[in-house]
Amino acid sequence: MAYNKIESYDEKITSGLVENYKHCLHLLGEDPEREGLQKTPERMAKAMQFLTQGYQQDARKILEGAKFTEAYSEMVIVKDIEIYSMCEHHMLPFFGKAHVAYIPNGYITGLSKLARVVDVFARRLQVQERLTHQILDAIQETLQPQGVGVVIEAQHLCMMMRGVQKQNSLTTTSAFSGQFEHGDTRAEFMKLISK
Ligand SMILES: [Zn+2]
């Protein structure tokens with residue numbers, strides 16, 4: 001899919017990052033000129049631009065571009081959307097699954113667009129709580145549905161590889177608006193996303 005690639009990398013940003021990553025490798029006790037590491041700063045520069053490309057993307061535009069009039073007014077759920085993001089405190093990955101639901105109020109959007117919106121906000125430096133709310137707000141503001149529900153379950157490498165080293169802890173965050181603030185709608189959503 002096209003949005004999984006960066007078409008062209010900004011030369012100035014790439015070369016600036018390359019210089020800095022070389023310096024970082026040196027500071028960490030490595031020799032950035034040794035064979036295995038010669039291209040590492042450039043790979044890191046491109047990987048980081050890829051993983052933060054969400055800053056250049058507009059979730060609301062994506063949803064507006066695929067907004068259709070439709071009378072359907074039952075809950076629409078896309079569950080198990082893979083997420084890969086990076087915590088803003090350690091710049092280490094956190095990853096897991098997002099479940100997104102909304103109840104239309106005259107408009108629907110393409111199901112793949114909901115997954116794209118998740119990517120747009122995940123590909124930035126994040127905290128899981130804010131990521132959850134940003135997804136909800138973008139859907140609420142553009143489709144103006146009867147309600148939105150977002151649940152994210154993720155594992156954080158900054159917890160697993162360092163610090164407390166809790167290998168299997170799963171962090172769950174959720175955000176709800178409109179109808180999802182009512183117990184029965186929320187319960188139906190939570191039931192449908194649990195296995
Ligand atoms: Zn962290």
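Hi everyone. Let me begin with a definition: a residue is called buried when its relative accessible area is under 20%, exposed when that area is over 50%, and partly exposed in between. With that in hand, take Arg 130: its relative accessible area is 31%, so Arg 130 is partly exposed. One thing to keep in mind throughout is that this is a predicted model.

Let's stay with Arg 130 for a moment. Which residue does the side chain of Arg 130 meet in a salt bridge? The partner is Glu 88, with 2.7 Å from N to O. Glu 88 sits in the loop between β2 and β3, while Arg 130 belongs to helix α5, residues 128-143, so this pair ties together parts of the chain that are 42 residues apart in sequence. Glu 88 is also partly exposed, because its relative accessibility is 35%.

In total, the model has 6 salt bridges, and I'd like to show you two others. One of them links Glu 42 to Lys 46, where the closest N and O atoms are 3.2 Å apart. Both of these residues are in helix α2, which covers residues 40-51, and they are spaced 4 residues apart, about one turn of the helix. Glu 42 has a relative accessibility of 36%, so it counts as partly exposed, and Lys 46, at 29%, is partly exposed too. The other is between Arg 34 and Glu 30, whose closest N and O atoms are 2.8 Å apart. Here we have 39% relative accessibility for Arg 34, which makes it partly exposed, and 30% for Glu 30, again partly exposed.

Now, on to the zinc ion. Which residues are its protein donors? They are Cys 87 through SG, His 90 through ND1 and Cys 158 through SG, at 2.1 to 2.3 Å from the ion. Along the chain, the donors follow the spacing C-x2-H-x67-C. The unreviewed UniProt entry has a "binding site" annotation that covers Cys 87, His 90 and Cys 158. These residues are spread over 72 residues of sequence, yet they cluster in space, with a largest C-alpha distance of 7.9 Å.

Let's look at the donors one at a time. Cys 87 is in strand β2, residues 76-87, and its relative accessibility of 5% is why we call it buried. Setting aside residues up to four places away in sequence, Cys 87 touches Leu 92, Phe 94, Gln 126 and Cys 158. Cys 158 is part of helix α6, residues 157-160, and is buried as well, because its relative accessible area is 10%. Beyond its neighbours within four places in sequence, Cys 158 contacts Cys 87, His 90, Leu 92 and Pro 93. And His 90, buried or exposed? Neither, in fact: at 36% relative accessible area, His 90 is partly exposed.

My last stop is another histidine, His 99, in strand β3, residues 93-103. With just 1% relative accessibility, His 99 counts as buried. What does its side chain pair up with? A polar atom of the His 99 side chain lies 3.0 Å from the backbone nitrogen of Asp 80, and there is a polar contact of 3.1 Å between the side chains of His 99 and Glu 153. Leaving out neighbours within four places in sequence, the residues in contact with His 99 include Val 78, Lys 79, Gly 149, Phe 189 and Ile 193.

That's my tour. Thanks for listening!

Methods: Residues numbered from 1 in each chain as written. Predicted model: local features only at pLDDT ≥ 70, side-chain atom pairs only at ≥ 80, totals over all residues. Heavy atoms only, no water. Helix = DSSP H or I, 4+ residues; strand = E, 2+ residues; numbered from the N terminus. Buried < 20%, exposed > 50% of the residue type's maximum accessible area, 1.4 Å probe, protein only. Polar contact = N/O pair within 3.5 Å; in protein donor to acceptor, adjacent residues only side chain to side chain. Contact = heavy atoms within 4.5 Å. Donors = N, O, S within 2.8 Å, 3.2 Å for Na, K, Ca; no water. UniProt positions renumbered as here; feature names shortened; annotations may be inferred. Salt bridge = Lys/Arg side-chain N within 4 Å of Asp/Glu carboxyl O.
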